[in-house]
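Work through the exercises below with the sequence and the model open. Try each task before reading its solution.

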Amino acid sequence: MKKRMLLYFGSFDPIHNGHIALAEYALDKDLADQVALVISPQNPFKADVLQTPEYARYEMVEMACKESRYPERILPSVVEFVLEKPSYTINTLRYLRENFGSEMEFSLLLGADNIECFDRWRSYEEILRDYRLLVYPREGYSIEKFADKITFLGDAPLFEHAATDIRKDI
């Protein structure tokens, strides 16, 4: 039987309690066997945003994963550090499927804010066709556009602040 790996992509700049709580929620609900926090070194939608260096973000994510309730099941991933930049989700998914697809079944965890603009992602139709999308609520964002293609996690914890807010406050 294949291991169910839930991929949680993000800049994690900075990682915060909400990220870890969502990963723990996914495991509590048996949505996956493991959750990989895939640190995106260069999000194509954030090309003009100055980011904390990728290895510093990795270290923060690694510490947060170790402090989670499931340190053996919530893991940092640097797979996008070795792939072409900017980091397109479809390229990462193709790489993971080619190299680990015989051992793992991949699904994605993303926020409703990403679903609203999902049709701007490279090869989004392929992602919708080939992968299970688990979508958590985000205040002020709708999931109507792809409601029939996703699994909405309506009971997932809702957090007021995003990493963007934290960066602004700093």
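**Exercise 1. Read off the fold pattern and judge the compactness of the chain.**

Step 1. Along the sequence, the pattern is β-α-β-α-β-α-β-α-α-β-β-α. Helices (H or I, at least four residues) and strands (E, at least two) are DSSP runs, numbered from the N terminus.

Step 2. The radius of gyration, taken over C-alpha atoms, is 15 Å, close to the 15 Å that the globule rule gives for 170 residues, so the chain is as compact as a globular protein of that length. That rule is 2.2 Å times the number of residues to the power 0.38.

Step 3. Note the basis. This is a predicted model: local features need pLDDT of at least 70, side-chain atom pairs count only at pLDDT 80 or more, and totals for chains, interfaces and linings use all residues. Residues are numbered from 1 along each chain as its sequence is written, and side-chain values use heavy atoms, leaving out hydrogens and water.

**Exercise 2. Give the strand order of the sheet and find its edges.**

Step 1. The open sheet has 6 strands, ordered β3-β2-β1-β4-β5-β6, with parallel pairing. Two strands pair if DSSP finds at least two bridges between them.

Step 2. β3 (74-77) and β6 (151-152) are the edge strands, each pairing on one side only.

Step 3. Inspect one pair. Strands β4 (residues 104-111) and β5 (residues 132-136) run parallel and are joined by 5 bridges. Leu108 has Leu133 in β5 as its bridge partner.

**Exercise 3. Place helix α3 and find its buried side.**

Step 1. α3 (residues 89-100) lies across β1 and β4, at about 160 degrees to β4. Axes are lines fitted to C-alpha atoms, for helices over the stretch in contact (heavy atoms within 4.5 Å). Angles run from 0 to 180 degrees between N-to-C directions.

Step 2. List its buried residues (under 20% relative accessible area, 1.4 Å probe, protein chains only). They are Thr89, Ile90, Thr92, Leu93 and Leu96. These cover an arc of only 160 degrees around the axis, which puts them on the same side of α3. The arc is that of the directions from the helix axis to the C-beta atoms.

Step 3. Their cover includes β1, β4 and α5 (124-130).

**Exercise 4. Locate Ser40: is it buried or exposed?**

Step 1. Ser40 sits in the loop between β2 (34-39) and α2 (54-66).

Step 2. Its relative accessible area is 9%, so Ser40 is buried.

Step 3. Leaving out residues up to four places away in sequence, Ser40 touches Phe9, Gly10, Ser11, Gln51, Arg57, Glu80 and Ser87.

Notes:
Buried means under 20% relative accessible area, exposed over 50%, partly exposed in between (1.4 Å probe, protein chains only).
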